[in-house]
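Reader: I would like to learn how to read a model of this kind feature by feature, beginning with a single helix and moving on to the links between elements. Could we take the general idea each time, and then the case at hand?

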Amino acid sequence: MAAGVSPEAFNRLLSALDADPHRAGTAYKHLRERTAGLLRWWGAPDPEDLADLTLDRVARKLEEGVLIADGSFGAYVRGVARMIFYESRRRPQLQSGDRIHLAPPPSTDPDLLACLDSCLEGLPLQDRSVVLRYYGDGKLSDLRRRLGLEMGVSMTALRIRAYRLRAQLERCVLDCRSRA
């Protein structure tokens, strides 16, 4: 289930895909992959996240009582995906220089790593767990979706929390490095 919708809304989406729960799950995965592929083709920088937002919105619309004509479900999802894509394009885009600050290559500098370890130890246990899992290894979209579900927060709330924690860590590491 997606993090931004209620279980009832998600079940309504699955029911709209197929009456058989197993086939509905397979259809959901296929629809998500196709939606992400379409968003990728349109040039979306984060197609998996936008595909999740699309299906979340469709599920909420179904829960609100929107009726979709027989045989038009795919067209409806594509229309919602298009709107999500346009909305994402209105968000401020990162400049190429900004990416350097967001995702630097892994460091082997022992002083920097010691500062990072010290700053991580200074975080409350729950915040430390969030930041380590959010930026952990593996397929990030799956890890982050699971983390959001476990915490009971939307993907947006999780992103904001992770961003704030990362900014806090970056300030701490800079302070630590300036003292060294």
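Reader: Which residues are exposed on the other side of helix 2, away from its buried residues?

Author: A word of care comes before the reply, since this is a predicted model. On that side of helix 2, the exposed residues are His 22, Lys 29, Glu 33, Arg 34 and Trp 41. To call a residue exposed, one asks for a relative accessible area over 50%, whereas buried means under 20% and partly exposed covers what lies in between.

Reader: Which residues of helix 2 are buried, then?

Author: The buried residues of helix 2 are Ala 24, Tyr 28, Leu 31, Arg 32, Thr 35, Ala 36, Leu 38 and Leu 39. They lie on the same side of helix 2, because the arc they cover around the axis is only 160 degrees.

Reader: How many residues does helix 2 have, and what span does it reach from its first C-alpha to its last?

Author: The general idea is to set the span of a helix beside the one expected from its number of residues. Helix 2 runs over residues 21-42 and has 22 residues, and its span of 31 Å is close to the 32 Å expected at 1.5 Å a residue. The residue that follows helix 2 is Gly 43, and its phi is positive, near 100 degrees.

Reader: If I take one buried position, what does Thr 35 touch, once residues up to four places away in sequence are not counted?

Author: Leaving out sequence neighbours in this way directs attention to contacts with other parts of the chain. Thr 35, which lies in helix 2, is buried with a relative accessible area of 4%, and the residues that Thr 35 touches under that condition are Ala 51, Thr 54, Val 77 and Ala 81.

Reader: Let us turn to links between side chains; how many aromatic pairs does the structure hold?

Author: There are three aromatic pairs in the structure. In one of them, the ring centres of Trp 42 and Phe 85 are 5.6 Å apart and the planes stand at 45 degrees, so this pair is tilted. Trp 42 lies in helix 2 and Phe 85 in helix 4 (residues 73-90), so the pair ties together parts that are 43 residues apart in sequence. The rings of Phe 85 and Tyr 86 also pair, with centres 6.0 Å apart and planes at 50 degrees, so that pair is tilted as well.

Reader: Which residues do the ring pairs link into a cluster, and how does one judge whether each is buried or partly exposed?

Author: The ring pairs link Trp 42, Phe 85 and Tyr 86 into a cluster, and each member is then judged by its own relative accessibility. Phe 85 counts as buried at 9%, whereas Trp 42 counts as partly exposed at 27% and Tyr 86 is partly exposed at 41%.

Reader: A ring may also be considered together with a charge; which ring does the charged end of Arg 144 sit over?

Author: The charged end of Arg 144 sits over the ring of Tyr 134, at 3.9 Å from the centre of that ring.

Reader: For covalent links, how many disulfides does the count come to?

Author: The test is that the two cysteine sulfur atoms lie within 2.5 Å of each other, and by this rule the count comes to two disulfides. Cys 115 and Cys 176 form a disulfide with their sulfur atoms 2.1 Å apart. Cys 115 lies in helix 6 (residues 110-122) and Cys 176 in helix 9 (residues 155-179), so the pair ties together parts that are 61 residues apart in sequence. In the disulfide of Cys 119 and Cys 172, the sulfur atoms are 2.0 Å apart. Here Cys 119 belongs to helix 6 and Cys 172 to helix 9, so the parts tied together are 53 residues apart in sequence.

Reader: Are these links left-handed or right-handed, and what pattern do the disulfides of the chain follow?

Author: Handedness is read from the angle about the S-S bond. The link of Cys 115 and Cys 176 is left-handed at -75 degrees, and the link of Cys 119 and Cys 172 is left-handed at -90 degrees. With bonded cysteines counted along the chain, the pattern is 1-4, 2-3.

Note on methods: Residues numbered from 1 in each chain as written. Predicted model: local features only at pLDDT ≥ 70, side-chain atom pairs only at ≥ 80, totals over all residues. Heavy atoms only, no water. Helix = DSSP H or I, 4+ residues; strand = E, 2+ residues; numbered from the N terminus. Expected span 1.5 Å × (residues − 1). Buried < 20%, exposed > 50% of the residue type's maximum accessible area, 1.4 Å probe, protein only. Arc of directions from axis to C-beta. Contact = heavy atoms within 4.5 Å. Phe/Tyr/Trp six-rings, centres within 6.5 Å; stacked < 30°, edge-to-face > 60°. Lys NZ or Arg CZ within 6 Å of the ring centre and 35° of its normal.
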